[in-house]
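This report introduces a protein model to a reader who has not met it before. Please keep the sequence and the structure in view while reading.

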Amino acid sequence: MTRIAACCLVAALAVVALSPSALADGPPPRDLRLEGDHWTAWDPPTPPEGANVYVIAPGDTLWDLAARLLGDPYLWPQIWEQNRYILDAHWIYPGDPLLLGPAVGGAVVGEAGVAGDPIDQADLEDPASADDPFGSIFEDGQDSDDFDPAFAGPGMSDGPVPLGSESDIYCSGYVGGLEEEFPFSIAASEYEFLSPELDPQRDSELKGLYGRAATAKYGLSTSDIIYLDGGRADGLAAGELLTVIEPGELIEHPTRGDVLGRYYDYKARVRVLSVQEETAIAEIVAACDPVTVGSMLRLFEPEPVPLRRRTPMRPLNFPAEATELEGAPSIVYSVDGLVTLGSGYLVFIDQGEAQDVLPGDVFTIYRPTSDNLPPIVLGELGILSVQENSALANILESRYSIYIGDLALIK
C-alpha cells in the first residue's frame, strides 16, 4: 500500500485525535496493515477471556469515551494506560479493542462496551470512619513495627487517577549533563527579516527615530514561524515534532554540595512544515514560555501521564524509622525555583531509572529530626517522568511547607 493510499484510508476510517490539546500533535502513522476485518497501525493483543472489551467504532475518541465512562474527558490517559499497544496516543483505529478493566466509572462494562448495573456502594466494605480513617489499620495499642507500608487502606480514589497533567511533563524540563548536545537549534524567525535594508550592496539600511529595528519580535510563541538549522540531509521530515529546550542553571545537591547536573527547560513544541536540504521551516504549535532564536531542539518524545490508585498518606504517628531514610532520595530542585513548596508544585529528586524509580511511583516526604527522634511526615509526591539519575515529581499532598533537601521514601 502506498503512503498516499494509507493516508486516504486513515481519513476514511475516521481515525480521530484523543483530546483537543492533541489535535495538532502530529500526522497519522503511515504504515497500516489489515488486522482481521479492519486496518490499523498497531498490533492489538487478543483480549484475555472474561475481559471487559470495547471495540472502537468510527467517530470514537478516547476523550469522548472517558467522558462517557469515567465522567471526565481529561481522564482519557486511564484508558490509554490499559492499552499500551497504542504506541501513538493521538490516533486510534475503528475495530481495535480497548481493555476497560473490571469497572469503569462505577459501572461494570460488558461486551462491546455496554455498561451494566452500577456497583452498589453499600456492598463495598469500608470499616474506617471519617473520624478515624486508619481505624482499620491500627488497633488500640498496636505497635508501629506492625505497620505494613504496602497496605492499601481505605481508598482515596476508587480507581487509578492521573498523578499530574500533560503540561506538568511537557512544560517542565529535566536534569541532564553539564553540557548536553542537541541535534538542532532555531536559526532565525520571520520577525528578523521584517525591517528592510534599502541596498544591501551599499550597506545602507532603513532607520527610524530609534535607529534600525533589527527584529520585530524576540519572544516567540504559538503560531510563529521559525527556521531550523537542520533539514533533509539531517533526517528531518515534514510533520515531525520537536521540543524546544533551553539550558538552565547548574543544580547542586542541597546537603552534599556536589553538582548533580544542569536543568534543561522545556519551552515549546514545534512542527516541521517543510524541509530543504540543510534547513527547515517550522511552526510553534504549543508554547510554555517565550521562545528565543538560538534555543536548542530535539525530537519530541510523548510521555503518558502516569496513573495511580491514591491511598491515604502515611499515618503521622507511625513514620518510617530514621535509619530507613539513610540513602533515601532527596528533593534537589523545584521547577519554578521556589523555596517554600506545597501541593501541586513540581520538584526533582536525585534518583531515577538507575535506582529503579518509575513513573507512577508514590513517595512519602519526610524531614529528619535531631536527637534520633522519629522523622516528620510532611506529605507525598508522585513520579511523573524519569531520567537516568533524576525524576520529575508532583507534590500530591503536604501537611507543612516542604523545602529543597527534604527526603522521600517510596510508599
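The report moves from the whole chain to one sheet, then to a cavity, a buried residue and two loop residues.

**Overall composition**

The model described here is predicted. The protein has 411 residues, of which 43% are buried. Its secondary structure comprises 4 helices and 21 strands. Among contacts with a sequence separation of 6 or more, 70% are made by residues that stand 24 or more positions apart.

**An open sheet of six strands**

One open sheet contains 6 strands in the order 16-17-20-19-18-21, and their pairing is antiparallel. At its edges lie strand 16 (331–334) and strand 21 (407–410), each of which pairs on one side only. On average, neighbouring strands of this sheet are turned by 40 degrees against each other when direction is ignored. As a general point, side chains in a regular strand alternate between the two faces of the sheet.

Strand 20 (residues 391–398) runs antiparallel to strand 17, and 4 bridges join the two. One of the residue pairs here is L346 with its bridge partner N394 in strand 20. Strand 20 also pairs with strand 19 in the antiparallel sense, over 7 bridges. In this case I383 has A393 of strand 20 as its bridge partner. The connection from strand 19 to strand 20 is a hairpin, made through 4 residues.

How is strand 20 placed with respect to the rest of the structure? Of its 8 residues, 6 are buried, so strand 20 is largely enclosed by the rest of the structure.

**Pairings of strand 14**

Strand 14 (residues 296–299) takes part in further antiparallel pairing: 2 bridges join it to strand 9. Within that pairing, S185 has M296 of strand 14 as its bridge partner. Strand 14 is also paired in the antiparallel sense with strand 11 (residues 241–252), over 4 bridges. Here R298 in strand 14 stands opposite T243.

The table sets out the strand pairings described above.

| Strand pair | Sense | Bridges |
|---|---|---|
| Strand 17 and strand 20 | antiparallel | 4 bridges |
| Strand 19 and strand 20 | antiparallel | 7 bridges |
| Strand 9 and strand 14 | antiparallel | 2 bridges |
| Strand 11 and strand 14 | antiparallel | 4 bridges |

**Internal cavities**

Empty space left among the atoms can be shown by rolling a probe the size of a water molecule over them. The count for this protein is 3 cavities of 30 Å³ or more. The second largest cavity has a volume of about 60 Å³. Its lining is formed by I169, G173, Y174, Y266, E303, F348, S385, V386, Q387, S390, A391 and L392. Strand 8 (173–176), strand 19 and strand 20 are the elements that give two or more residues to this lining. By character, the lining residues of the second largest cavity divide into 7 nonpolar, 4 polar and 1 charged.

**V377, a residue of strand 19**

V377 belongs to strand 19, which spans residues 376–386. Is V377 buried or exposed? Its relative accessibility is 1%, and because buried means under 20%, V377 counts as buried.

Which residues touch V377, once its neighbours within four places in sequence are left aside? V377 is in contact with M313, R314, P315, L316, P319, T364, I365, Y366 and R399. A separate distance relates V377 to L407: the two are 30 residues apart in sequence, and their C-alpha atoms are 10.0 Å apart in space.

**Two loop residues with positive phi**

S223 has a phi near 80 degrees, a positive value in a residue other than glycine. This residue lies in the loop between strand 9 (184–189) and strand 10 (225–228). With a relative accessible area of 46%, S223 is partly exposed, because that class lies between the 20% and 50% limits.

D356 likewise has a positive phi in a residue other than glycine, here near 65 degrees. Its place is the loop between strand 17 (346–349) and strand 18 (362–367). The relative accessibility of D356 is 64%, so D356 counts as exposed.

Key: Residues are numbered from 1 along each chain as its sequence is written. Side-chain values use heavy atoms; hydrogens and water are left out. Buried means under 20% relative accessible area, exposed over 50%, partly exposed in between (1.4 Å probe, protein chains only). Contact means heavy atoms within 4.5 Å. Two strands pair if DSSP finds at least two bridges between them. Axes are lines fitted to C-alpha atoms, for helices over the stretch in contact, and angles run from 0 to 180 degrees between N-to-C directions. On a 1 Å grid over the protein atoms alone, a cavity is a set of points where a 1.4 Å probe fits but cannot get out, and a pocket is an open set with protein on both sides within 12 Å along at least five of seven lines; lining residues have an atom within 4 Å of a point. Grid points are joined across faces, edges and corners, and a volume is the space filled by probe spheres set on the points. Ala, Val, Leu, Ile, Met, Phe, Trp, Tyr, Cys and Pro count as nonpolar, Asp, Glu, Lys and Arg as charged, and the others, Gly among them, as polar.
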